[in-house]
Structure formats: structure tokens, C-alpha cells
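Hi,

Here is the structure I promised to pass on. Have a look at it first, and then read my notes below.

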Amino acid sequence: MVGMVWVRSETVCCVSTFCHTEFCGFAYLCGNNLKYLQIYKKMAYHKVNADQRAQGHSPYLDNDELQATALELEWDMEKELEEPGFDHFRLDGAVPRHLGNSQSPDLDLESIQPSSSPKGRFQRLQEDPDYISHYTRQPPKSNHCSSCQILKVFCTALVLFIFGTLVGYYARKRCPPPPTSQEPNNPHVYREILKEIKAENIHQIYRDLLQFSREDDVDTAMKILVQWTSQGLEDVRLVNYSVLLDLPGSSSNTVTLKHNGECFYPSGQPCSRETKTLHSQDLLYSYAAYSAKGTLEAELVDVQYGTVEDLIRIQAITNVTKKIALLKLGQSPLLYKLSLLEDAGFGGVLLYVDPCDLPKTSDLVDKAFMVSLNSGGDPSTPGYASIDGSYRQNGPNLTTLLVQPISAMLAKKLLSLPEDTVQKGRCIPLQMPATAKKIISLNIQSVTTYKTISNVIGYLKGSIFPDRYVIIGSHHNSLNTYGRQEWASSTAVITAVIQALMLKVKRGWRPDRTIVFCSWGGTPFGNIGSYEWAEDLRRVLQRNVVAYISLHNPVRGNSTLHPVASPSLQQLAAESQTFNCMAKTRCPRANVSSVQIQGDADYFINHLGVPAMQFSYEDIKTSEDSSFLSEAFFPVHTTKSEVMDPSFHLHETIAKLTGEVTLQIATEPVLPFNALDIALEVQNNLKVATVLLLLFLGDEVDVPQLLAVAARLRDTAELFQSDEMRPANDPKERTPIRVRMLNDVLQSLERSFLVRHAPPGLYRNILYRLDERTSQFSVLLEARERSKLHQSNETLQAALSEVLNSINSAQVYFKAGLDVFETTLAGEK
């Protein structure tokens with residue numbers, strides 16, 4: 001028996017040929033007519049059984065017995081055709097029975113069965129179209145079938161063959177046509193997709209999103225899901241997690257001056273029922289999530305930006321134990337500065353933004369803000385996902401400090417400074433007079449509770465590498481945090497990208513790799529949504545994620561374009577600007593840098609080592625003078641984005657830049673990553689660091705050895721890029737196996753640069769610098785600062801060891817990749 005099965009759409013078409021001496025039957029079956037295959041199996045079974053009997057019983061078979069066998073065969077066939085459905089007929093588990101009245105004890109029908117499978121012969125035929133039985137047996141020694149019996153069998157087979165052919169013909173007419181061939185991925189296709197991204201469409205999506213900005217997180221996420229599905233995105237999911245959030249209490253936090261009893265809300269307005277009623281939402285959400293709770297009465301100490309130099313200066317003149325620090329936001333990560341203040345012994349912190357650090361067009365002087373003291377994820381499940389059954393740790397306060405953000409206007413009142421700090425066109429930074437001494441009472445009453453946050457995850461499956469993911473991430477409004485509207489900008493941009501891509505998908509195009517669209521929940525509380533999802537799928541993402549493209553707050557100003565990319569993607573980011581920036585959107589070849597950014601890219605950069613990129617518009621002053629101001633979540637009016645970008649051309653440019661880099665990463669045969677740029681970045685950073693290391697460690701550091709490690713990495717990366725990436729990018733020299741191996745190496749380039757431990761607020765990925773002004777490894781910079789504070793070099797030496805191990809690990813990784821390629825090439829030759 002020979003069986004072959006073709007599977008097409010939902011219709012299973014079978015061609016079965018049964019040949020055994022005089023009997024040959026052929027059936028062409030489709031759809032639900034697979035039952036005819038069973039009939040033919042049964043016919044073959046009876047015929048073979050009769051032959052076995054002929055061999056085992058007697059060399060001669062009398063005519064009456066042969067007629068009885070044929071009649072039984074014919075009766076079984078008619079019975080099967082008459083009964084509706086054939087569900088009762090199971091060949092797999094059937095017990096062989098002897099025909100006629102044969103008594104031979106040696107008859108063994110198992111020997112003629114095809115090779116068995118745990119799933120049964122019939123299911124095996126369905127699952128394995130290439131299955132062919134290799135069973136052979138000798139023809140019978142003698143054949144006494146009469147011509148009448150042969151004719152009956154032949155006629156029956158012919159009728160069934162004609163019937164099966166007719167059924168199969170009409171079933172095949174209803175089969176869907178094969179998918180059309182995909183269009184080639186090239187710049188022309190990219191342009192066709194990007195031209196569908198239009199400012200007016202983004203503006204309309206933005207206005208639609210604002211209509212449900214005050215709804216619950218789950219409701220907002222559900223509406224985004226419906227919106228993405230309506231664009232044609234095939235697989236969109238809502239992923240919920242129950243997490244511990246720190247929310248405002250029933251009344252606002254307050255700051256009270258002890259010498260006169262004046263009470264102020266965080267915005268600087270006097271405590272009164274009228275003020276509380278008028279600005280209730282803004283007052284409640286002017287707080288630090290996960291701060292310690294309670295009341296603290298102590299002296300106010302001005303620590304400026306809270307640098308190590310500031311602390312050394314303050315501790316030299318006063319005891320800071322249990323006092324309240326007046327701290328400016330900016331210049332370094334907030335969590336890092338708070339860790340220094342906590343170690344120094346402070347009991348509380350009032351946090352504000354100096355007006356001199358704000359753009360001149362800003363009107364945030366009288367605004368308090370929200371910050372999160374959470375480094376990432378659900379605080380009750382650190383390092384693992386908040387799924388049902390997970391152990392919940394009881395630690396709602398992530399610091400012993402009572403932390404309260406206040407407005408610059410309130411900071412001036414506490415410092416007893418005049419309202420106007422601008423003299424002769426020059427802004428004077430806020431600073432407490434040397435003779436001033438203030439005792440204040442700080443009252444913080446936030447509440448921790450478990451809430452559900454939702455992520456919206458949509459998949460556009462790749463056609464060639466569906467298990468390789470390019471992730472684009474934005475975020476949506478979470479639990480009415482200040483009613484901020486910048487989330488609508490990021491969601492409108494990512495929705496416009498989906499809209500443009502799906503228009504091309506409907507015409508038969510698909511990316512080679514899967515594009516995953518994510519709208520994260522819980523971002524203001526410490527990127528909780530992205531952390532929980534990534535921790536939940538950590539093993540999958542470690543193997544599959546290729547790159548992360550961030551759309552966190554894409555239009556936060558209108559002065560200049562600020563692209564940020566990991567070193568391996570800097571060249572791609574620069575090239576994308578050339579094609580997509582227009583004069584009216586003011587992005588003249590902005591420099592691409594690798595600096596720490598805010599938002600949900602955090603987990604992918606620092607825990608998975610995934611190359612990341614972000615395009616955003618900012619104000620020049622914000623990007624040049626003071627970094628980390630974006631850690632503050634200010635209340636933003638609903639029309640703020642429309643004021644900064646009334647034509648929405650800035651949003652359009654961000655969408656096209658994001659779409660351009662996404663398409664190239666998702667569709668180019670070789671990932672557009674640059675290995676040599678990573679090595680150059682490392683070498684330059686280490687050269688700067690060695691000068692500082694000599695000042696602190698002197699003869700304890702082997703500078704030539706340090707530079708030699710960086711040089712080896714550069715040489716290996718250069719050889720890798722010239723010998724492997726260059727031929728792979730040439731279609732004439734490209735071979736599939738080598739391209740796959742090359743992409744596997746490129747995908748994991750940055751994982752070697754993850755250090756095990758990093759201070760709070762600093763990246764574990766040492767390829768990212770603290771800000772534009774710092775050209776060295778941030779962990780070495782911080783360790784040097786700590787050495788000043790504690791007058792010990794142990795921290796610096798430990799940090800240097802981690803950096804060197806990372807560089808050496810990357811060099812070994814590159815070298816191993818080259819060795820594998822050489823071995824493969826030798827095998828091909």
C-alpha cells in the first residue's frame with residue numbers, strides 16, 4: 001500500500017493507490033471524504049488476508065470458499081457506504097480477524113502491517129506527506145480467483161474512483177488560491193510605506209485618544225487594542241498584571257514653616273479649602289511614588305544638585321543626620337543622588353527644578369511634579385514577573401527618606417529669595433543664603449495598594465524569520481497620573497506607523513522579521529508594565545529580540561531633534577535622518593549619541609543587552625545644559641502638544657524616522673548593526689578613563705594593559721566587519737547559512753557589556769554614558785566619586801575590573817564568531 005497526502009488550507013486531499021496482484025484500486029479524495037481511504041484499507045486488508053490464508057491453509061483454495069470471501073468483502077463495502085459517517089470505524093486499534101473458517105495457528109497478520117507509529121497509521125499519513133511504507137512481500141504462489149470475482153472487485157473500485165474524482169474536483173475549486181509572492185524589500189518599498197504616514201492622520205488619532213484619557217488603565221488599553229485591531233493588525237493581545245502601586249492619599253502632602261506656622265501645598269500655594277478644591281488632581285499627584293511615609297520636622301539644608309562635592313562641602317560644616325535636604329533635579333540620576341543622601345544620614349528631601357535649568361519658553365515655575373523612586377518593575381516581585389502564585393515581598397517603601405517634589409516657587413519661599421531671579425538678562429541659580437536657617441515640617445501620606453495595569457501587545461508576523469522580534473514601544477495613560485497628555489503623542493505616532501504598515505500588508509507585503517508593537521502601562525511608576533512583561537517572557541526575549549525602538553514622549557520640545565542610539569545603531573540613525581528630515585521640521589544632521597534615556601527601553605537595554613534607539617524633539621537648553629530633567633512628570637495641559645507642534649509635522653518626522661529604522665532592521669537580510677562602532681566607542685571611553693585612573697590609582701593601574709585590551713577588541717571587530725559583514729551584504733557572495741550565523745553574532749553584540757552591578761539609577765550597560773558632556777564609562781565615573789567620599793580605592797578597582805572583563809568578554813565573543821566562520825568556510829571548500 002502506498003499513501004500520499006497533500007494538505008492545502010482546511011481541505012485535506014489524498015491520493016491512495018492500493019496494488020495487490022489482481023486487485024488495484026485508486027481513489028482521489030478531498031475534504032471530509034477521507035473515509036474512503038479507510039474503505040480501501042479495509043479492501044486491501046481482506047484481500048491480503050485471503051492471500052495469507054491461501055498460503056497458510058492449503059495450496060488449493062476451493063471455489064466456494066473464495067466466493068464466500070468475495071461476498072464478505074462486497075458486503076462490508078456496501079455496509080460502510082450505507083451508514084452515515086464512519087466515526088465508528090477505527091483501523092488503528094482494530095484486532096485482525098481471519099476470513100472464512102481458516103484454522104491455521106501460524107497466521108500472523110501483524111507482519112504485513114506498515115511501520116507502526118504511536119499515533120496510528122492513518123494519523124501518520126495525515127501528518128507526514130512523505131511517508132511511504134517500505135514493506136514488501138512475495139507474490140502468492142498460486143492464484144485461483146475467478147474472472148467473475150476479479151470483475152466485481154474491479155467494477156467496485158472503478159465506481160469509487162470516479163466518485164472520488166468528482167468530489168475532489170469540486171472541493172479543489174473551493175480551495176483558496178496560493179498566496180502571491182512577496183514584493184522585494186528595498187528602499188522603494190520603504191518609501192511607499194512611509195509616504196502613508198501623514199501629519200493630519202497623526203493629529204486625528206491624537207484627538208481621538210484624548211477623549212478617553214481620564215479612564216482607567218485597563219479601559220484605555222482596551223480601546224487602544226480595538227484601535228490597533230481596526231487597522232488590520234492580526235494578533236493583538238491585552239496582558240494584565242496585578243502590581244503594587246504607591247498612590248496619593250485622600251489629602252495632599254504639605255510643607256509647613258515652623259517659625260510662623262505657614263502651610264503650603266507642593267505647588268507653593270497656601271493650604272486652604274479653596275485651593276484644594278480648585279487644584280485637587282494636581283495637588284494629589286505632586287508626590288514621590290514609593291517614598292517613606294510619615295511626618296518629619298527638621299532643619300532644611302541646601303545641597304544644590306547633591307553631587308559628591310556638594311556633600312563633602314555640607315558635611316564639613318554641619319551634621320546632616322535626620323535633616324531635610326533641599327535638592328535640585330538634574331545633572332545625574334535621581335536615584336543615585338538619593339542613595340548618596342541616604343548614606344549620608346539625611347531623613348528627608350525636598351526636590352525641585354531650578355528655573356535656570358528650564359527653557360525660557362517654559363511655564364513650569366509654579367508647578368510641582370511627580371517622580372518615581374522605583375528602579376523598575378513591581379516592587380513586591382523584584383526580578384520576577386507578577387503572575388498568579390508569585391511570592392509578594394512586603395516592602396512598600398523603597399527608601400528610608402521622606403521625599404516630596406515641590407515647585408520652584410515654593411523653593412524660593414523656603415530660601416527667602418525674591419520672586420524674580422533674573423538680573424540683567426541673566427538667570428541666577430537658586431541658593432540658600434549662608435546665614436539662613438529654616439526649620440520645616442514635612443508631611444507625606446501616600447498609600448500603597450495593588451492595582452491592575454495593562455499592556456497592549458500586537459504582532460506583525462515576519463515571513464522568513466518570524467522568531468526574530470523588532471519591538472516598537474510607547475506607553476499609555478496610567479491611573480490618571482496628573483492627566484498628562486504626552487502619552488497620547490507616543491500612542492498616536494505608533495498607531496500611525498501601524499496604519500501605514502498594514503496598508504502595505506494588505507497588498508501582499510510582509511517584513512522578514514516579526515515587528516512587535518507595545519503600549520505599556522504603569523510607566524510613571526517605574527516602567528512596571530514593560531518590566532513585568534519582559535520578566536514574564538525573559539527566556540523567549542533573550543533568544544528572539546533583535547532591537548528596541550522607543551517612542552517615549554517623542555515631542556517634549558520643538559527646538560531640535562535629539563536621536564539616541566546604542567553604538568551599533570548610530571550609523572543607521574544618522575542615515576535615517578538624511579532621508580526623512582525636512583527643512584520645516586528643523587533636524588539638520590543632529591549628532592547621534594549613546595546616553596541614558598527615560599522610559600520603557602530600560603529593561604531591554606540593561607537586562608537583555610538589546611540594541612536600542614529613540615528619536616525625540618526637545619528644547620535646546622534641556623538637552624545641552626541639564627540632563628535627567630525628564631525624570632519629573634509635570635502636569636501638562638491637554639493642548640500642550642498642539643501648542644508645541646500645531647501642524648504635527650514634528651510628530652510626522654518622528655513617525656517616519658521610527659518607521660525607517662524599523663523597516664531596515666526588520667527586512668534587511670543582514671542586520672544593519674555596526675560592530676566596529678562599538679569597539680571605537682569603547683576605545684575612546686577607555687582613553688578618557690585612563691587619565692582619571694592615573695590620578696587616583698597611580699602605579700596601581702596598568703594603563704598599557706588597559707589600552708591593549710581595547711585595541712584587541714578594535715582589531716577583532718574590524719576583521720569581523722571586513723571579512724564577514726562585507727561579503728554578506730553583497731548578494732553575489734551571500735550564502736544563507738553564513739548570513740544566519742552572522743546575524744546571530746550581531747544580535748548579541750551588546751550583551752557582553754552588561755556589568756553585574758551598577759549604582760542606583762546608572763545603566764548596567766556600560767556602552768551608554770550619563771549625558772552628552774561625559775565621555776567615559778559611567779560606572780567608573782561614579783566609582784571615582786565614591787572614592788572621594790569614602791577615601792578608599794576599593795570601589796574604583798572593583799568597577800575597573802568589571803569594565804575590563806566586559807571588554808575582554810566582547811573580544812572573545814567576536815573571536816569565537818570568526819573562528820566559527822573560518823571552520824564553516826573550510827568545510828565548504
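Let's start with helix α22, residues 703-728, in what is a predicted model. How far apart should the ends of its 26 residues be? At 1.5 Å a residue the helix should span 38 Å, and its end C-alpha atoms are 37 Å apart, so the expected and the computed values agree. If you count along yourself, remember that the expected span uses one less than the number of residues. The helix isn't perfectly straight, though: α22 bends by about 30° at Q721. Quite a few of its residues are buried, among them V703, L706, V709, A710 and L713 in the part before the bend. The buried set also includes F720, E724, M725, P727 and A728.

Next, the sheet. Try tracing an open sheet of 7 strands, in the order β4-β16-β18-β17-β19-β21-β20. The pairing in this sheet is mixed. Which strands sit at the edges? They are β4 (235-247) and β20 (560-565), each of which pairs on one side only. Going from one strand to the next, the twist averages 20°.

One pair to zoom in on is β19 (residues 545-550) with β21 (residues 612-618), which run in the parallel sense and are paired over 3 bridges. There you'll find Y548 opposite A612 of β21. Then look for helix α13 (residues 486-505), which lies across three strands: β16 (447-460), β17 (465-475) and β18 (513-520). Its direction is at about 145° to β17.

Now for the cysteines. How many disulfides does the structure hold? There are 2. As a reminder, a disulfide is a covalent bond between the sulfur atoms of two cysteines.

One of them joins C263 to C271, with 2.1 Å from S to S. The link between C263 and C271 is left-handed, with -60° about the S-S bond. Are these two cysteines buried or partly exposed? C263 has 25% relative accessibility, so C263 counts as partly exposed. C271 is partly exposed too, because its relative accessible area is 27%, and buried would need a value under 20%.

The other disulfide joins C356 to C427, with an S to S distance of 1.9 Å. The torsion about this S-S bond is about -90°, so the disulfide of C356 and C427 is left-handed. This pair links distant parts of the chain, 71 residues apart: C356 is in the loop between β10 (348-352) and β11 (371-372), while C427 is in strand β14 (residues 426-427). C356 is buried, because its relative accessible area is 13%, whereas C427 has 28% and so counts as partly exposed. While you're looking at cysteines, check C518 as well: C518 is buried, with a relative accessible area of 0%.

Last stop: L350, which you'll find in strand β10. Its relative accessibility is 0%, so L350 counts as buried. What does L350 touch, leaving aside residues up to four places away in sequence? Its contacts include V255, L300, I324, A325, L326, L327 and Q404. I406, L414, I440 and L442 are touched by L350 as well. V255 is a nice one to click on: L350 and V255 are 95 residues apart in sequence, yet 9.3 Å apart in space, C-alpha to C-alpha.

Happy exploring!

How values were computed
Residues are numbered from 1 along each chain as its sequence is written. This is a predicted model: local features need pLDDT of at least 70, side-chain atom pairs count only at pLDDT 80 or more; totals for chains, interfaces and linings use all residues. Side-chain values use heavy atoms; hydrogens and water are left out. A disulfide is a pair of cysteine sulfur atoms within 2.5 Å. Buried means under 20% relative accessible area, exposed over 50%, partly exposed in between (1.4 Å probe, protein chains only). Helices (H or I, at least four residues) and strands (E, at least two) are DSSP runs, numbered from the N terminus. Two strands pair if DSSP finds at least two bridges between them. Axes are lines fitted to C-alpha atoms, for helices over the stretch in contact, and angles run from 0 to 180 degrees between N-to-C directions. Contact means heavy atoms within 4.5 Å. The bend at a residue is the angle between axes fitted to the seven residues ending there and the seven starting there.
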